[in-house]
Amino acid sequence: MTNVAVIYYSSTGSTHRLAQAAADAAAAEGAEVRLRRVPELAATGRPGSAEHAAEVADIPEATLDDLEWADAVLLGSPVHFGLAAPQLMQFINTTSSLSIHGKLLNKAVSAFASGSAEHGGQVTTILALHNAICHWGSVIVATGSADPVLYEKNNGNPYGASTVAGNRIGFIHSENVGAIAYQTRRTIQVAAALKAAAAAPAAA
């Protein structure tokens, strides 16, 4: 069985919905799943943020134990000026105690994002998270362009699932659910292969 941690920050709900879809897809694959949210640093004042915080209060907050436990990790963030949200980066900034001791080596890690505008920074946010994955020594899992779901309307980059929410609070396109499900399955497949390779006896 593969341990999957879906760790995300969401202000008004779009990234949360992608994260929940990833967790559901992982569970459908028979994985052990931890859906974990990164808490707010300070009130943003964004419309819908207070209501969303109340809705997800029962979801556990992410911890370093979740990362160490996982074989596969999916990181989700809304776009913040083309970068990952500072809330998620604050959590990532606490991971040195794991990474410098090699405890994040060879984990399969993938990233997804949501943003308000088309071409508004979803790809750069995902790529910024890839930088952290490199520092962890983990293996980046991108979606590529090899599955038909990625060509459906409102999908379509090879880096990770993303959504264009516009000014719709907590919105994702229905096609994005298929994209994040595919991304999750692929991340699990890569994680399983890495685990199998690590468990195989060394060649004589």
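This briefing covers one helix pair and several individual residues in the structure above. The model is predicted. Helices α1 and α7 cross at roughly 50°. Asp66 and Gln122 are buried residues, at 2% and 5% relative accessibility. Asn106 and Asn154 each have a positive phi, near 65° and near 75°.

**Helices α1 and α7**

- Two packed helices are described by the angle between their axes and the distance between the axes.
- Helix α1 spans residues 14-28, and helix α7 spans residues 174-199.
- Their axes come within 8 Å and cross at roughly 50°.
- The two helices are therefore oblique to each other, since the angle is not under 35 degrees, not over 145 and not in the range 65 to 115.
- The crossing of α1 past α7 is right-handed.
- On the α1 side, the contact is made by Leu18, Ala21, Ala22, Ala25 and Ala26.
- On the α7 side, the partners are Asn176, Val177, Ile180, Ala181, Thr184 and Ile188.
- By class, the residues of this contact are nine nonpolar, two polar and no charged.

**Ala25, in the α1 contact**

- Ala25 lies in helix α1.
- Its relative accessible area is 10%, so Ala25 is buried, the cut-off being under 20%.
- Leaving out residues up to four places away in sequence, Ala25 touches Ala181 and Thr184.
- Ala25 and Ala181 are 156 residues apart along the chain, yet their C-alpha atoms are separated by 5.2 Å.

**Thr2, at the start of the chain**

- Thr2 sits in the segment before β1 (3-8).
- Thr2 has a relative accessible area of 11% and is therefore buried.
- Not counting residues up to four places away in sequence, Thr2 touches Ala31, Glu32, Asp71, Ala72, Ile188, Ala191 and Ala192.
- One of these, Ile188, also belongs to the α7 side of the contact with α1.
- The C-alpha atoms of Thr2 and Ala146 are separated by 23 Å, and these two residues are 144 residues apart along the chain.

**Asp66, a buried acidic residue**

- Asp66 is part of helix α3 (residues 64-69).
- Asp66 has a relative accessible area of 2%, so this residue counts as buried.
- The Asp66 side chain makes a polar contact with the side chain of Arg36, at 3.3 Å.
- Beyond its neighbours within four places in sequence, Asp66 is in contact with Ala5, Ile7, Arg34, Arg36 and Glu61.
- Three of those residues, Arg34, Arg36 and Glu61, count as charged.
- The C-alpha atom of Asp66 is separated by 9.1 Å from that of Val6, with their positions 60 residues apart along the chain.

**Gln122, a buried polar residue**

- Gln122 is located in helix α6 (residues 122-136).
- With 5% relative accessibility, Gln122 is classed as buried.
- A polar atom of the Gln122 side chain lies 3.2 Å from the backbone oxygen of Ala117.
- A polar atom of this side chain also lies 3.3 Å from the backbone nitrogen of Gly120.
- Setting aside neighbours within four places in sequence, Gln122 is in contact with Val79, Ala113, Ser114, Gly115, Ala117, Ser162, Thr163 and Val164.
- Ala117 therefore appears both in that contact list and as a backbone partner of the Gln122 side chain, as a contact means heavy atoms within 4.5 Å.

**Positive phi in two asparagines**

- Most residues other than glycine have a negative phi.
- Asn106 has a positive phi, near 65°.
- Asn106 lies in the loop between α5 (96-99) and β5 (108-115).
- Asn154 also has a positive phi, near 75°.
- Asn154 is in the loop between β6 (139-140) and β7 (162-164).
- Asn154 is partly exposed, with a relative accessibility of 32%.

Note on methods
Residues numbered from 1 in each chain as written. Predicted model: local features only at pLDDT ≥ 70, side-chain atom pairs only at ≥ 80, totals over all residues. Heavy atoms only, no water. Axes fitted to C-alpha atoms, helices over the stretch in contact; angles between N-to-C directions. Helix = DSSP H or I, 4+ residues; strand = E, 2+ residues; numbered from the N terminus. Left-handed = near helix turned anticlockwise from the far one by under 90°. Buried < 20%, exposed > 50% of the residue type's maximum accessible area, 1.4 Å probe, protein only. Polar contact = N/O pair within 3.5 Å; in protein donor to acceptor, adjacent residues only side chain to side chain.
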